[in-house]
Each structure stands twice: as structure tokens, then as C-alpha cells.
Amino acid sequence: MNFNLYSSNKLEDLAAIFRRMIFDRPGPDPFVPETVVVQTQGMATWLEQEMARDGSIMANFDMPFLQSFILKTMRQLLPREELEAFNRECRIFSPEVAAWRIFRLLGESAGRWPELDRYLTGSEPVRKRRQLAGRIADLFDQYQVYRGDLLEAWRRGEEPGRYVWQQQLYREIAKGFTGPYGWFRKFFERVPERDLWSRVPVRISVFGVGTMPPLYLNFLRHLSAITEVNLFYLNPCREFWDTYEKRFRDRLADKNSGVFESTDVENPLLTSLGAQGRSFFAQTLELPELARVRSAELFRSFVPEKSESLAYPGATMLQTIQEDILRMRRRGPDGDDVEVGRTRKIDYRRDRSIRVHSCHTIRRELEVLKDELIRLFDESNGVVQPRDVIVMAPDINAYEPYIRAVFNDETFEGRYGISDRSLRQESLIAETFLQLLRQASGRFEASEILSLLDTPALRQKFRIADAEMETLRELVGQSAIRWGYDAAARRRFCDFEFGEFSWRCGFDRLLLGFAMTAPEDQLVNGEYLPCGNAEGSDAELLGRFVSFVSSLAELGERTGNAHSAEAWAQLFHNAVDTFFRPDKESLPEITALRGTIDAFAAAARDGNCDEPLPLEAVTDQLSDSFSLVQNNMPFLRGGITFCSMVPLRSIPMQAVALLGLNEGEFPRRDIRLGFNIMSDRRLGDRSRQMEDRYLFLEALLAARRTLMLFYHGSDPLTLEERPPAVPLADLIDVLKASFRDFEVIRHSLQSFNFRYFDPANGTELRCYSPEYFRAARSLHGYLAGGAEPESRLPFTLRPEPLPPVLELAELERAFLNHPEYFLRNRVGLSFRTDRCTPEDKEPFTLDGLGSYQVRDRLLDWRLSSDEGPSGELAYRLMLAGGQLPLGSAGKNEFETARRQVAALTPEQYALLTERDHRNRFDVPVAGRDDTAFRAWLRLLAEAPSAAAAAPFAADGAQCRKPPGALARLLHQGQRRSR
């Protein structure tokens, strides 16, 4: 048996070699699956499509991930008497279970680790202990893979150095167990036994795995002693591009039939981006089982014609950069085309193979990308299809809402897919469930509780239609509901109880308004003021809404206490039954939610932890689980693929786009704990920054026709210039050194800038949106020639003459709310006058509108035919109706308003109580003499009888004598004149 390394610069060629191997040397049993180890689901999908490209059938293939394959193989080779112990330890040492064991140990041995006591004391100790346990479990999991020898030394009691508490803690959780690294040692010892050889596949292929931990590489090395192991490795350079000792170069030449080319000229991109690939390649070449290195005949040029010269005739910018990497060459102004290539001149009108776009925001990135793709599809004459485009970002979840906003149009809708989304991003129900838990134990703010009903599955459970949400908002606003379910629930937030502005108080008012008819100036039981007039379907809606809020309050009572993980899981399942109704669309999301809850309880059960936990610690755990990327997301489904940047995701595509290459955001940084012993790096250690740099290099090599790179080059507020990410900056430097006059394309803040539609700008800046074109044409015409911007309305509003009769109440509406009056009377929009917007805080002072409403109600009581309520009763009525602040602040506001209403003169009362509205008087509103109009109001307020007896004429417009609406207008005019 042997270990074979197949190295090429193109994945297509590696796939072709693999395909020939499968068909030329099929396995002895066609019913035994062919084992192909991959690193990502995207690589597996691409390989399947590549294998079946010419009509062949790809079936009976087993494509596990590397870690899953290793565990499966160890289970196949271990004796049956050890298999149960192995499976049990795999579960016990998994991070999700180990975290619970560490959590329990930290709680049982308080004070044993003084280094941790300072963090674990203070507020929320259980929550902080659970978070710390999760971090330590993840760290120990990395130690198992990268520092297994150190853990074995700890188990033997060797000196741990400055990390004594880690050694003690690990020895506690590993007591009585072999440990993962111990099982690997057992496997290595048993491999030579011939009775095991029949249990493994006759051939194992590892395809497209760019790097792996040394422990896993050592596993494959031992496995190659009993079966054939083939490693298909994407190598960006055909030369030996490392700087290790000469023995590695000699070893490569020996295994490559003596063929080895070497040069002292280093490619700057290989130097800055290829550290991870160099490290893994060096580890592979050290394997003593390495039987064959097939490389020389597998490397294929990127340029159309092979040439020893560095001129690369007919090559695009992208092909030139890729070929320079392949040959490990560089370019410069003083190049001689032998060792160092000369700077080339490019034609930007024809060569669009590499474009670097500087944008202001995420949305602008996607708008520019959309225009570039439209141009690409048009210029390729159908050669490039949406399925040939991959778009990657460091975190695709941050881009997901903008992708839908920009690409959900008639051109691209249904022609793209988003991969690598977490359950929290993919499932509205999962996010709503977390919000339910937080709101149930929170302040019960009106807007937040109503926003929960935006989830269709929750609304369906309580039979609330989307069209009924506006009615609920009005009921909540009318009943002055602000926050807090009831008086008792508020004690946790403000140390005393009060029921005003709570949900219980508001529901009591609404239900009383439905159940009985009471005068508006009468309190029920001396405390409650009925509100609203819910009848028929509105009354039923109110009942269902009360049921929802009451269920949420009951959930809040149950989550207010600490429970064990098992009890929490049962409570959560009951909550799912209470608040969600499964249907065809929501059933998969609810199933995934229940699966996460069950996994949470099972991990705590396997970790022997039954300690009561507060809600905050549990929601942290669920939130982390919901944030994990799902492995069953669509990839390469026939449209544009949007995904995150993960290893070996850069499969060959006609067009590759990278978004979000911003300084400080890419490469993504390693967040290492201060007590992480892996800070002392070893060969083969994982580094997030090195990994991202190599991802960037892979993306550069994966593009076959065009490469589009985006970053935020300007601040959207200050327009201050920002630098790109370091890998992109390195590429820009190489592009400027390789191609004369290469420049970054800098875009405007807005897509309707008219330079995108100006033919004089050539083809570099183009926008294909008809809406933006109309906006740009309108704005350009206004700025250039003074023409008014074109109206966005579907019709033209022309001036209209005044009506022959103008109600003064209508004039009042026009003055009090100009935009609403315009939209209602000129545009034709309809507004509900009784609309109330819920607020989240009870009033502490009254604003202008609130003061006006208090005075208006006092005035209506004063003008009523019956005697209005007394001062104390009026105060209590307004307080019960939520119109006044609580305490002395509300009393002061009431007294101030009462004094202002009492200041009206008898003549004003006589006018306001006049019932005969047939007499007319004219108001001088024509000619726009605002001063005269205000003077007329003052005159009317001072001498109403004279004003009523002497009509005024104003261009034929007449105003009828006002009813109660004029009273408010007069009162406002009197206050403003003072």
C-alpha cells in the first residue's frame, strides 16, 4: 500500500485524474461505496457535477468530511469490546458535553482555582461560569487535535508550567478515560494487524483538502500502510515555493522522477498569501510513506499559449497574474522578460478580467455587483450563466438582507441562492423564540410585544390576521399601555408597584369598554375608566390578543425561576406548542428548533449536570446553537451562489466576486484567550488570518474569466478615504507593478449619480437601473439648466381654485397637519383619524400635543350642557385614562391646564356654546395676509359678537360659523397671541 500525492494548479485537472482513476481501476465490489473525503459540502457538490459533466453516472459514492471519516474508520478498526467505550468517550469529550462537565466542576470546587475566582464572582456568577466553561471546552478540543502530546504529559503529572489550573481541570475531566489522543495511539498500534485490513475501503481519496491538523495527516499516513490513500492537492505553483531546508527540495525531486525547477525569484502574492499552503505542503513532503508525487505533468498553463517569455501574448490581466503565480515570477517597471517580467499595457475597454471596486456601503457593493453581472452576461453572449458565478463574503449573514433587497427584481429573482446561513438567520421562528424568552422575562414593552406577532406561525396560533395588526396597535395606544404586565411584575425593575400604563390595566379598560356602557366621566369601582368600543369581530380579536399576552406573562413567571436543563427543555417544548402552529412552511423550522432544544438537554444529561440554571445562561447557550452554520444549505443549485468564505470554497467558476474586503474585517482575526497555550505556535497550527489569506489566493486562482473585488473605500458620512484589507492591498500593488495605469474604480455614494449614465465616461461606470436613470436625468436637468426635478408621482398635480364654501373645520385641519391635509385632499390617500401609535414609556411630562389634549377635554366638559366633573374627579378621570403623568408631575400639569381653561371670558363661552351655525362671516384668507388673519382671530376672541354681526368678504370665499372645532382654534390663537 502507499500514499500518493497528486498536485495540480487546477481543480478541473485533479477531477479528471480522479475520474480516470475511478473508471480505469474500479473497486473489486461495485456495491461497496467509493470513499472520497472532502472538506466542504460545496466541494462535494462540485465534484459530483464535474464527474457527471460528460453524461457519466456518479453513484454509490461516500463523501464524508475529514473528521467524520476518521471517527468512522476508527470505529471500523477497533475491537468490539472497545467500541462502546470509544463511542462514549467521543461523546463525553465533545465540546458541547465537556462544557457541562467543566461547568459542574467549576461550581463544585469553588476556590480551587484562584486564577478564575475573580471572574466567577460578582453579578450573574452562574451565567459567567457557563460561558467560561464553554470557552475552556472549545480550547481543550483544540488541544486534543493540536497539543495531544501535551495533554498526555499532563495526565502523567508532568510540570505544566504556568497553566497549573488547566492541568488540574483537564485531569479531573479525563479521570478514568483513555482520552481522544489515547485512542489515536491505540489505533496507530493496531494498524499493522492484518486482520483489520479487510475492514477499510480498498481505496481512499482525499480531494481538495487544503490543510489539516498534523494529527489527522498522521492518521492518513498510518492508514496508507493497509490501503491506498490518494491526496489530490491544489498547488498554486509548479515550482518549489518554500524556503525550507535543501533536503525537502531533494526529496521532491527524487519523488518527481528527478524533475524539479527552481528559481530565486519569489512571487509577492505567494509570499504574502501562501503561508498556510507552504506549511501543509512541507508536512506532506516529510511523510516517509509518500510513495509518489505526480506534479509535473498535471500543471497546466493559464495563458492561451505557452511561452518561455513573460510577455504572455493574448493573455488577460487575470491570466497573467495566475501564470506569474504558477511560474513563481514577478513583474516590475525594470523587468527583462527573463527573470522579471516587464509591466504590461492593458486595454480597459476590452480587458475586464480583474476589477477592484471601491464603494461606500454594503448596499452599494451589491448594486455595483448587480450592474457588473448584467454587463458580464450581456457581453459573454450567453457563455456565462448565473450558475457560473460565485459571490463570497467574510460573513454572508451580514449581507443577506441587502442581497434580497437588491437582487429580488424581475432580472435576478429566483436566479440566486444564499448558503452558509445559520438557523437564526434562516429561521424566523428560531429568532422569534429567543425574543419570546427575552420579552417574557423583560419589561413587556408595547412595541416589542406587538412585534412578536410579525411571525406568521405565531399569529396563526392565536388566529390573528395580518390585517388586524393595525387594530391591535390602535387598541394598545388608546388604552395607554406602555410596559409591564401588571403592578407586581414591575417591582423587579423599579422596586415598587404601580398598575397604571400596564398591560393588565389596559386590558381591564378595554374589556370594560366592551362589557358595559358607561359615561366617559364615570369611573368603574372608583378606579377603572372604560376604553374603546370593541364590538363583533373586534371584540373577538381583543379576546385572542389578551390570550396571547396572558400566555406570554405566564411564560415569564415560569422562566423567572432557575431550572435544570431537562426542566428547561420541557418548558421550551411546551412554549413551542403554546405559541406556534406548524404548517407546510413552518414545520421544518419548528422541527429544527425542537432538535436544538433536545440537543441542549442531551448534552447536559451526558455531562451529568442537573444544576438549576437561570434563563440568561440558557438563552446564551441556545443563541450560540442557533448561530452555528447549517451544513445542509443549498450550494451550486443552478443560479448565482452567495456564500461565506470558507476553506476550499473557491471552486473553479467563470466569475468570482469577493465582497467586504475591508481593513480590520478581513482577514478575520484570531480571538485567542489569554490562557491559550497554543499562543506558542507550532508547524501546522491553525491561524484564522493565515487561513483567510490563503482563501484569498484560492479565490484568485479559481476565477476563469473575471474576478471582482469590493471594499469600502470611503466613509459614507465624511467621504474620508479608507484603505482596503491587507491581502487586497497586496494584490493592488502587484496589479500596479504588472499593468501600466491600473487604477481602482471608485464609485459614487448614490446609484443615481448622472456620471453612471454619461456616455463621455466610457464603459467603466455604468448603471442599468431604469429607476436610477430617471432620477439621474431629472437631477441632472435641474442642476444643469434649472429645470424642476421630474415628479415621481404617477400623475401631475395642478393648482386648483378655492372651493366656493370652505368649512372652518377644514381650515383647522389644514393648519394643524399640513402634510396629512395635502396627501388626503390632493393625492387622495386615506388616513384613520383615530390612529394611536403605541409607546414604551409612561409620560413623566406632557409635550405640546398632550397638554393640548388635556385642555381640550377640560374645555369640552366645561362647554357640555350637563355639569362636568369636579376638579378632583376630572383629575382622576384623566389619570385613569393615561392622559397625565403619575404623582405630583401629573397633578401640576392638570392644575396648569385647568387654570388656562378657566381664564376664558364669558363672551368667549357665549360664542363657543352658540348652537346656530347658519350665520356667516368671511375670513380674509386670500392674499396670504397672515398678519391680518391672526389679527382677525384676536379680534374675534376679544369681541365675538361684533365679528359675528359683521361679515368679511375675501375673493368670494365664505366660511361658515364654526361648531366646537372653532373653539379649539380660538383657544390656540388666544394662547399664541399672549
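Two strands are said to pair if DSSP finds at least two bridges between them, and with that in mind I would like to start at the beginning of the chain, in what is, I should say at once, a predicted model. Strand β1, residues 3–8, and strand β5, residues 228–234, pair in the parallel sense over 6 bridges, and within that pairing Ser8 stands opposite Leu234 of β5.

What is the environment of β1, then? The strand is mostly covered, with 6 of its 6 residues buried. In a regular strand the side chains alternate between the two faces of the sheet, and here both faces are covered, since Phe3, Leu5 and Ser7 are buried on one side while Asn4, Tyr6 and Ser8 are buried on the other.

Let me move to the nonpolar interior. Which residues touch the most other members of the largest nonpolar core? In that core, which holds 199 residues, they are Phe207 and Trp503. If we leave aside neighbours within four places in sequence, the contacts of Phe207 include Leu11, Leu14, Phe18, Val37, Trp46 and Phe232. There is also a second, separate core of 27 residues, and among its members are Tyr399, Val406, Ile640 and Phe710.

Next, a pair of helices. Helix α3, residues 66–77, packs with helix α10, residues 180–190, at an angle of about 55°, and their axes are 11 Å apart. An angle between 35 and 65 degrees falls outside both the roughly parallel and the roughly perpendicular ranges, and α3 is therefore oblique to α10. The contact is made by Ile70, Met74 and Leu77 from α3, together with Trp183, Phe184, Phe187 and Arg190 from α10, and α3 passes α10 in a left-handed crossing.

Finally, I turn to an open sheet of 7 strands, whose order is β12-β13-β11-β14-β15-β10-β17, with parallel pairing. The edges are taken by β12, at 416–418, and β17, at 745–746, and because each has a single partner strand, one side of each is left without a neighbour in the sheet. Further in, strand β10, residues 354–359, pairs with strand β15, residues 703–712, in the parallel sense over 6 bridges, and Arg355 has Met708 of β15 as its bridge partner. Helix α15, residues 317–327, packs on this sheet and touches both β10 and β15, its direction making about 95° with that of β15. Helix α30, residues 726–738, also lies across β10 and β15, and runs at about 130° to β10.

Note on methods
Residues are numbered from 1 along each chain as its sequence is written. This is a predicted model: local features need pLDDT of at least 70, side-chain atom pairs count only at pLDDT 80 or more; totals for chains, interfaces and linings use all residues. Side-chain values use heavy atoms; hydrogens and water are left out. Helices (H or I, at least four residues) and strands (E, at least two) are DSSP runs, numbered from the N terminus. Contact means heavy atoms within 4.5 Å. Axes are lines fitted to C-alpha atoms, for helices over the stretch in contact, and angles run from 0 to 180 degrees between N-to-C directions. A nonpolar core is a set of buried Ala, Val, Leu, Ile, Met, Phe, Trp, Tyr and Cys residues joined through side-chain atoms within 4.5 Å. Buried means under 20% relative accessible area, exposed over 50%, partly exposed in between (1.4 Å probe, protein chains only). Angles under 35 degrees count as roughly parallel, over 145 as roughly antiparallel, 65 to 115 as roughly perpendicular and the rest as oblique. A crossing is left-handed if the near helix is turned anticlockwise from the far one by less than a right angle, and right-handed if clockwise.
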